[in-house]
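The following note sets out some points on the annotated positions and on the relation between chains. It is offered for comparison with the structure shown.

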Amino acid sequence: MYYKPSEILFGGDYNPDQWDDTVIEQDMRYFKEAGINLVILPVFSWAKLEPSEGVYSFEWLDQILDKIWENGIHFCLATPTVAQPAWLSKQYPEVLPVDISGRKRTHGMRVFFCYNSLKYRERAAAIAEEMAKRYGNHPGLAAWHVANEYGTYCYCENCQQKFRLWLKKRYGTVENLNDKWYNSFWGRTVYSFDEVYLPTELNDDYRFNPVRELDYQRFVTDSTLECFENEARVLRRYTPDVPVFSNISGHIKKLDQFKMVSKMDYAGFDNYPHPTDPRSLPAMKLDLMRGLKDGKSFLVAEQSPNQQNWQPYNKLKRPGEVRLLAYQGMAHGSDSALYFQMRQSLGGQEKFHGALISHAGTDDTRIFRELAQMGKELKGLGDTFLEGTCDAKVGFLFDWDNWWALELASGPTKDMDYLWQMHHYYRAFYEYNVPIDILRVTADFEKYKVLVAPLLYMMKEGVAQRLERFVERGGTLIATYMTGVTDENDRCVFGAYPGPLRKTMGLWVEETDALFPDEENEMILNSWMTQAYEKSSYGCTFLCDRLRLETAEPLAYYGKDFYAGEPCLTVNRLGSGKAYYLASQPEEAFVREFAEKICREQGVEPLFPSEGEIELTKRNGRSGEIWFALNHGKKPGYVDLGEKTYQDLLTGKRCTGKLVLESRDVAVLKREQ
Amino acid sequence: MYYKPSEILFGGDYNPDQWDDTVIEQDMRYFKEAGINLVILPVFSWAKLEPSEGVYSFEWLDQILDKIWENGIHFCLATPTVAQPAWLSKQYPEVLPVDISGRKRTHGMRVFFCYNSLKYRERAAAIAEEMAKRYGNHPGLAAWHVANEYGTYCYCENCQQKFRLWLKKRYGTVENLNDKWYNSFWGRTVYSFDEVYLPTELNDDYRFNPVRELDYQRFVTDSTLECFENEARVLRRYTPDVPVFSNISGHIKKLDQFKMVSKMDYAGFDNYPHPTDPRSLPAMKLDLMRGLKDGKSFLVAEQSPNQQNWQPYNKLKRPGEVRLLAYQGMAHGSDSALYFQMRQSLGGQEKFHGALISHAGTDDTRIFRELAQMGKELKGLGDTFLEGTCDAKVGFLFDWDNWWALELASGPTKDMDYLWQMHHYYRAFYEYNVPIDILRVTADFEKYKVLVAPLLYMMKEGVAQRLERFVERGGTLIATYMTGVTDENDRCVFGAYPGPLRKTMGLWVEETDALFPDEENEMILNSWMTQAYEKSSYGCTFLCDRLRLETAEPLAYYGKDFYAGEPCLTVNRLGSGKAYYLASQPEEAFVREFAEKICREQGVEPLFPSEGEIELTKRNGRSGEIWFALNHGKKPGYVDLGEKTYQDLLTGKRCTGKLVLESRDVAVLKREQ
Amino acid sequence: MYYKPSEILFGGDYNPDQWDDTVIEQDMRYFKEAGINLVILPVFSWAKLEPSEGVYSFEWLDQILDKIWENGIHFCLATPTVAQPAWLSKQYPEVLPVDISGRKRTHGMRVFFCYNSLKYRERAAAIAEEMAKRYGNHPGLAAWHVANEYGTYCYCENCQQKFRLWLKKRYGTVENLNDKWYNSFWGRTVYSFDEVYLPTELNDDYRFNPVRELDYQRFVTDSTLECFENEARVLRRYTPDVPVFSNISGHIKKLDQFKMVSKMDYAGFDNYPHPTDPRSLPAMKLDLMRGLKDGKSFLVAEQSPNQQNWQPYNKLKRPGEVRLLAYQGMAHGSDSALYFQMRQSLGGQEKFHGALISHAGTDDTRIFRELAQMGKELKGLGDTFLEGTCDAKVGFLFDWDNWWALELASGPTKDMDYLWQMHHYYRAFYEYNVPIDILRVTADFEKYKVLVAPLLYMMKEGVAQRLERFVERGGTLIATYMTGVTDENDRCVFGAYPGPLRKTMGLWVEETDALFPDEENEMILNSWMTQAYEKSSYGCTFLCDRLRLETAEPLAYYGKDFYAGEPCLTVNRLGSGKAYYLASQPEEAFVREFAEKICREQGVEPLFPSEGEIELTKRNGRSGEIWFALNHGKKPGYVDLGEKTYQDLLTGKRCTGKLVLESRDVAVLKREQ
């Protein structure tokens, strides 16, 4: 009885418990007018649904669900477990978390429970079961949405006990723990797991004991995943065919989303780009979301139909911007355009957050019209690209443990930001219009021609060997400073970096200099490199490795400082492939040219040539290949489609040669047979 | 037996408990030399006066009061309840507050008690009674000064219980509370008042639950007022004719001063302008102080006779500056020039705060001479303007609940600052030399010709109706962005802003764009507006409402962004009046011209024309009208008195035509009959 | 049996408990290759040495110590008491400190114990005794190193009780306490020592009660010193001839190091200059270290052989920089060049901190080679300047109580920074190449010709009288703004500043203006001063005293503001000496010329003339005078040795006339007979 959408899911969060019948009737009319086909509810209604322990009050929800379904709209049923009722916190204080400062929280916020509280889990499973029993057969049920934006870190005594058990399971003995955690440093040797404390402000271990913090963050992911499964298990028992997921907060760093999503039926992303973000940043995050289930399509579970309320300066979405962002999501693998929210709340923290229906309560607004227009368009697209994959020949390695460990490290620079570093390299390939997959380090590398592994500081067991094989078989690998430094326990390699990748890269790193933010070195290219590049020298910043080459060949040299003349970019030939090493962070211009040349070398072609701030992607949908072209610029741009003819599914027009896109316009192209 | 001053009160805080007899004798001589006629004491002597519970030691105070009085000086007796003795905190820990972080405080600071502690109140009333009994008939007693600069926020269990009772009283039922607080948002529904917690860092409700924080701030005001009345009641029982007040800290936002002062005999303001403040800022605060009792004269209870110690850079008061600031107070309705402090402490936190008598302990200092000179002048002025009112035809609406709610709101911009917004508009009228009253929203609007209501976000019951009537009867109302958004529970209006003012303004607001701090839009004036203004276009910043006009007429249009060409300044004619709406914050130059034109339209004339940084005010004193002219500039300026002749009461000179004022000079003018 | 070094101590921290036998064997070879003659261990091995209470495990240490000694290397034995074992914290929670926020800490960090815990002291003494018994007769034992970088501040109940006893001992009675602490201010009078609380965030006394915080900081020093002596006493009982010390953290402000080092056999300094520090800043700190035992040579106990990990941007040490900094230490009185650390840890917080042997684990690195080269050089120098003193005729007064009190004061400016103020004046004399001693205020002033006492705010009993005598007998005293303000209890002088120095300076201070950071006044020199100086006027900033001269003569006048024309630099002749007063902070250029002229006047000659960023010092060693010349610049510089001939002990070359030093080069010169 699983609902298989035949259209892009269009709609989002709806909170009918805030409204009376008159308003709800009006909403139904407006939903129809806007082409809404899915709403998500009742995310925040636990207190309303379970007024006291085990006493349920579902009648109001029955009515509203029926009404929604009568109006031809599916619903994604949310277990309301993100915000427990006050009576639960009061009767069972263990439900409330303790913060990093050691303070027991009082009832209030959302996502404000201890993810290890057994009582919380018991009551969460109970209400999930109640909903599954009651609505599992409802024809309108499209999916289960568990809780909301997990991500609380708890430091209570219960978590402490569980953390010790988790460590015991991971390390077996204290001797092994002492060894793996390198506890001899600063006299941290323990003789019992009971001597290990959570890393908090009370012992400053959260910032002075990286490996402990790292394991704590892993433990939080594992515990949170248990929390999700606690409900998912119940739901799946009743409705084995209905997909179950939880939406991922924009603060993706908090939990290892590869792990989290492994137990979900798909990834659901809350996509809230900042108005000043370069377009490649949300693109990269969306590619990551697709990567969470190894290329499977996902949902954009939330985005904003207009301004937000929680940014420093909450700008209106410009005309066309809502549509552009929605298509960007779909272009990268989303099967939905879901929004927080359908109707704007009159009170509470987010009363100024945009909505389909604003406080003015009318369809006579710019935003309503833009969304209604898009609703029509989406209906027209049908299932053209639903579940479509996005093949890529370029892969970026991404790893949460690496992210955490890299940024927890004290030194070499305080400006370590894995996501921005990733983006620095991602952007260059993205702007060359080649599709990119973001891969876990255990992914299958064989289908790729180019792998980029920025700052792969933590070299987990087997990864280096697989990368070596990848190169030997003809692949191109790009690695950077801060590569191969530690093992999976954040313990440095014995012997020089890049440790197990030393042979692949053909060099070792003698030492690494940190530059001040306003400091720059130079990359001076080899004479034969110079012929291929626009300039003979480029700036580089951030960190400067001093390299000792073994089999690698230098391609560029530092231009300044006491290591002027030493290599800063090298290539190592291994088997039939190549491994490039960037010893410093080159300026954007260089990375862009470099990416292009690497792609050419490997025969990786851009989807189309383009000019202007055009984004290009491709999905292989149910009915073949679909190209997305999006103009993020304020000026017109074009895509050069070449000699073949395409149909723009949005306008129905046939296109060939140069397709001009106005500012913020979008084309969804299908090749004519 | 009430002392009715026949002179401006001149003197201030005196702490004789810090000094031995020799020093006190010297102080008396210096006081006489300086013309001091009032001292305030013993603000910080509770521990000295009550060495243990119920055991009093007043002899030293008897002596010092007699000595003061023998020297012809009145005193304002302070109940010393701002700093409880250590034994009280120790024996009754309930007296100590709990902070927003949940930490029980230890004994130490001043204003460091729980305003709801019954034990605190019991002991405070007891010592107040002891003082009333002992000194109630002392001929030197001029007034009662209760505690000092109230403003502690407490979060103890006792306050939590009281807050719940307060809520029960306000809302009656939990159902009503859930409704008014819009608890359905984020699943905050409660089933008992006991499920409501104080908004603290423990639940983050202080920043993520605006209405709860709003009510908590109201509750703090009510509780603090009870604290004041707890002592005032006792004092009034013994001395019904002696005025009772408490001085208001410069951090006026903490407590609703309209409420606080409603139970006092007058407002007493601690006036500590920052050296870089524009002169209109203290002017506005002083007007607000006068507004607290609907135009009645007030006291400047503290100001600094020289540098402070608690500013980042404590500058000396420039020659003439102390006098200038003292007269600015009087010009706006103060009947006093009181100072913290008479003699500089040798130890403690404020040992570097300026004083009449500095550490050097001599009258041979610049500051002593300046103050002594002013003492003579004030004596000369006698009661000329005592209790004088300051009629105004321009009123500004000001409201503490609005202040709190507006700044608690999440969005649309983080730079929301009610006081500075108020000042942006106040300044324009102030610089046009028209008197201004600052009014509570329940004030009588009938006597005004122009009402300015900047950012009147919270529209309390009945205010809109009264503003509508004001316009209909011929008044001019000026409203801005962020008007009419919520009701008194911070719940947004159902339907578009400005809610109940929609008819009066003749428009509704479709959406509001927040500008980045460095971003600017343009106001392009109507062609006929252009004729009246110096420029045809002005900058505007901060927020930009997109308006939908109903009966309003556009006066200016946005010049940029996607809403270029849409109206940003409108007027609506209603009855015989006009309502202007500013959809964005215009640059200062525009506001200044706009204010002038509005005044002209309504026949509101400036007191005099002037040139330079001249401030002009008028008080209607016991013996007729008195004009104050103050030159805040570093250069000479002038006032054009016209053809009439005035006497400068400070110099005795007759003035007519252009009266030149040197830098920091002051004139107090009376028209010759 | 005391080891009297015949060579400069070269080596540093070594953590063999982190390594297996193979690595340790390799280390021994590398140590020999590098010329290491001393290692410090086992700083962090308490948990390893005492696995449970009273059960010791020293065998591994026996072996390693023997191996070290077999390799001809001495060791400095560290009691491992800086980081207690987890079992100790767990069994006796009293061992864990409470922080300023009132939070009981959990086990984790180093220096993370209550310095007043009796249990901590008991176990610390026990393991110290165990080590003394076991290794007291080991021929390799060079010194005892107690704990590491003391400096934790604890606020537990036990400390509170001890603080009250400390106060009772210091003040005798509460009446005296009330008086000395000036408790009448803000009503702080107490009736029992039990009414005094530690100054914490719970009562805000740490920032609003300067004298209480001051006494608390004194108390922490006294308690920490007890902690040191608790171990030192045991060690000295077993090995009365072996020197005992603890190394001083770079955060020298935390503890009064004069007091701390008074109980040590020498000062040991952890010298970590920041790459952007002016060279005079570490020079000043090193002179201070020498001053801690009144001119006796000291140890640089730690410095970094390459980059650090805990700075924001951890730069590599440039070629020659390690050597230059090592010689700077020796030039100022150090008998050692000790490093943290010998081998880089693979894990933990400081895994990226530089080491003799880096993660690469090889001697084939730039840093290893530089250090090995220096090892040879140091061997060549032998004991030439060991224990050599550095006579100086210029003394700077320095005082921890003054530092604390000055910066605790609220006002006159928030930018009060004693160390930087000290450095502003120190730098001028330093750059004139005259040796400088840094003196405690109770030092013998007689041997000096010039005394500089910047901001001697706190005038302790007898100091003013001794300074007066110093001047009368012909000395030159330089004092500044913020002089003679308080007594040793931070209570302001009764009467004008500079209080007891008023006669010596011949003036009093009427008031002090604070300048904004971007504000400047002018010093306009007297006509006869103008002849001696390069410019007739110089900038001055920070604070401006308004002076009232009595016997002093003005040398310069303010050029701006309302006190333009008033004196800002004066001299007072008293007996056969002179006392200069700087009423404001002159720009560097003036101070440099002023220092030069003062020196000339007093016949204090620079060691040599020089050009470039040359540092010059002299030590009187076992075999006569040794001059150090160091070029801190990036360009060559020279020293003009005049007509005499010197031998450069590093190169063996004879030098006369202009000795050119390349960038970062060093010369150690001995005059030829």
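1. UniProt positions are given here in the numbering used for this structure, and such annotations may be inferred rather than shown by experiment. The model itself is predicted.

2. According to the unreviewed UniProt entry, the annotation "binding site" covers Arg110(A), Asn148(A) and Trp310(A). Two of these positions are taken up below.

3. Arg110(A) is placed in the chain A loop that runs between α4 (86-91) and α5 (118-135). Because its relative accessibility is 17%, and buried means under 20%, Arg110(A) counts as buried. Apart from neighbours within four places in sequence, its contacts within chain A are Phe44(A), Val82(A), Ala83(A), Asn148(A) and Glu149(A). Arg110(A) is also in contact with Trp186(B), a residue of chain B.

4. Asn148(A) belongs to another loop of chain A, between β4 (141-146) and α6 (157-171). Its relative accessibility is 3%, so Asn148(A) counts as buried. With neighbours within four places in sequence again left aside, Asn148(A) is in contact with Arg110(A), Val111(A), Val43(A), Phe44(A) and Val82(A), and also with Ser246(A), Asn247(A) and Glu302(A).

5. Two of the annotated residues, Arg110(A) and Asn148(A), are thus in contact with each other. Phe44(A) and Val82(A) are in contact with Arg110(A) and likewise with Asn148(A).

6. Concerning the assembly, a turn of 120 degrees with a shift of 0.1 Å along the axis lays chain B on chain C with an RMSD of 0.0 Å. This is the relation of a three-fold axis. Within chain B, the C-alpha nearest that axis belongs to Arg103(B), at 5.5 Å.

Terms used: Residues are numbered from 1 along each chain as its sequence is written. Chains are lettered from A and ligands numbered from 1 in the order in which they are written. This is a predicted model: local features need pLDDT of at least 70, side-chain atom pairs count only at pLDDT 80 or more; totals for chains, interfaces and linings use all residues. Side-chain values use heavy atoms; hydrogens and water are left out. Helices (H or I, at least four residues) and strands (E, at least two) are DSSP runs, numbered from the N terminus. Buried means under 20% relative accessible area, exposed over 50%, partly exposed in between (1.4 Å probe, protein chains only). Contact means heavy atoms within 4.5 Å. Copies are superposed by least squares on the C-alpha atoms of residues with pLDDT of at least 70 in both.
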